[in-house]
Amino acid sequence: MESVKSCSSDWPCAALSSADLGPRTTLKVGGVVEWLVEPKSPEELVAAVAHAREAELEVRVLGGGANLLIVPEELPGCVISTELLNRTFRPTDLEAGGELEGSDAPLSRVAPEVVSDDPRLVLWAGARLQGLVRTAYQLGLRGAELLSGVPGHVGGALAMNAGSRDWGFWDQVERVWLLDPATGEVSERAREECSPTYRNGHLEGKIALACVLRFEPDDKAVLKAEADEYLRAKCAAQPVTERSAGCVWKNPDPELSDGRGAGKLVDDLGLTGLRRGDAMVSPQHGNFVLNAGGATGGEVLGLIEEVEARVREATGIELAREVCLWESMNGGEE
Ligand SMILES: Cc1cc2nc3c(=O)[nH]c(=O)nc-3n(C[C@H](O)[C@H](O)[C@H](O)COP(=O)(O)OP(=O)(O)OC[C@H]3O[C@@H](n4cnc5c(N)ncnc54)[C@H](O)[C@@H]3O)c2cc1C
């Protein structure tokens, strides 16, 4: 690993050198990164990225680590975490100002008891998806209940277009603020200017700072009941309490797979329970690879590749990965 850069004390926000990333992922697998940086406002994040650019450090962004496999044991550069960007606001004055501020003004914080007719929320990149589900039903806003039980942050959900088979996070997006790490430029984009697809927000290397989501007013009790029911169904079908990175593969074109999802394809080939070291295909759901002990990134990746090869051989279907990989020492990300 390269020696620590001399910019150590110059970060414009909290920064930790030689930080272990494993505990910050839901799979609990990850290497040690040269710098882990934790801005507490979008402005600090922009400043941290500018600092990394000046120091010629490679930049990666980490949300809740819920769809991520970190393969190498050592990672050069810096990882910007959105852990401290956990804020949700009502957009009271957004139309007037239109700017994303680091402080509360001109945005007002969400308080469920304060009545507002505006069916929108402003969320910073580190806002938690489960907090969003709760806030939305408490305010009587329909549109977040399908995220019930989905871990991670809003920035990760924008990057992944998290959701279900027929619904994605971007369905609720009105606009986003994006930072281009190469130039430092922050742009505000309307939903119509973006091109999200199934499980891919197509951020094209940009960092999501915040977004405005638009919902439909609805009955609070009905929404809570629906969110509870989605959570119950999810817990029954998926290994949500195990250490995983969520679904490893996207569902293939139903015409090629006779309507079978990726998990069913893996299941039908008898691959559930397959192991490589401590990495194991979940016995409960073929689309989840578990860390059943002290699995390494290499073991998890090896198992993923083996399953892909077996599916390809047996069905001719090329499974596309949903899980993001931080794979190579020189920054390759899938
Ligand atoms: C038990 C379990 C169940 C799950 N169920 C679902 C489900 O039903 N539906 C679903 O879609 N997903 C599901 N997932 C996957 C995961 O919850 C989502 O993909 C979630 O959106 C990931 O968000 P995150 O903040 O954890 O992203 P991370 O895992 O931290 O990052 C994922 C990718 O997004 C990038 N990224 C993160 N933040 C930003 C940002 N601010 N700007 C730009 N890029 C960024 C990262 O660099 C990385 O490439 C599940 C995961 C688990 C563990």
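This is a short walk through one predicted model, covering its confidence, two sheets, a helix pair and one glutamate.

Okay, some housekeeping. Since the model is predicted, local features need pLDDT of at least 70 and side-chain atom pairs count only at pLDDT 80 or more, while totals for chains, interfaces and linings use all residues. Residues are numbered from 1 along each chain as its sequence is written, and side-chain values use heavy atoms, with hydrogens and water left out.

So, confidence. pLDDT is the predictor's confidence in each residue, from 0 to 100. The protein has a mean pLDDT of 90, with 88% of its residues at 70 or more. Two stretches stay under 50: residues 1-7 and residues 96-108. Where pLDDT is low, the predicted coordinates should not be read in detail. The model does give residues 96-108 30 contacts beyond four places in sequence, a contact being heavy atoms within 4.5 Å.

Now the sheets. Helices (H or I, at least four residues) and strands (E, at least two) are DSSP runs, numbered from the N terminus. Two strands pair if DSSP finds at least two bridges between them.

One open sheet has four strands in the order 1-2-5-3, with mixed pairing. At its edges are strand 1 (14-20) and strand 3 (59-62), each pairing on one side only. From one strand to the next, the twist averages 30 degrees. Strand 3 runs parallel to its partner strand 5 (residues 74-81), with four bridges; R60 has V79 in strand 5 as its bridge partner. Lying across strand 2 (32-38), strand 3 and strand 5 is helix 1 (residues 42-54), at about 155 degrees to strand 5. About those angles: axes are lines fitted to C-alpha atoms, for helices over the stretch in contact, and angles run from 0 to 180 degrees between N-to-C directions.

Another open sheet has three strands, order 14-15-16, paired antiparallel. Strand 14 (275-276) and strand 16 (289-291) each have a single partner strand, so one side of each lacks a neighbour in the sheet. Strand 15 (residues 279-281) and strand 16 share three bridges, and A279 is partnered with N291 in strand 16. Helix 7 (residues 297-315) lies across strands 14, 15 and 16, at about 30 degrees to strand 15.

Next, two helices. How do helix 3 and helix 5 cross? The axes of helix 3 (residues 129-139) and helix 5 (residues 220-237) come within 7 Å and cross at roughly 155 degrees. The pair is therefore roughly antiparallel, a label for angles over 145 degrees (under 35 is roughly parallel, 65 to 115 roughly perpendicular, the rest oblique). V133, Y137, Q138 and L139 in helix 3 meet K220, L223, K224 and A227 in helix 5. Those residues split into five nonpolar, one polar and two charged (nonpolar: Ala, Val, Leu, Ile, Met, Phe, Trp, Tyr, Cys and Pro; charged: Asp, Glu, Lys and Arg; polar: the others, Gly among them).

Last stop: E174, in strand 10 (residues 173-179). Its contacts beyond four places in sequence include R120, R189 and R191.
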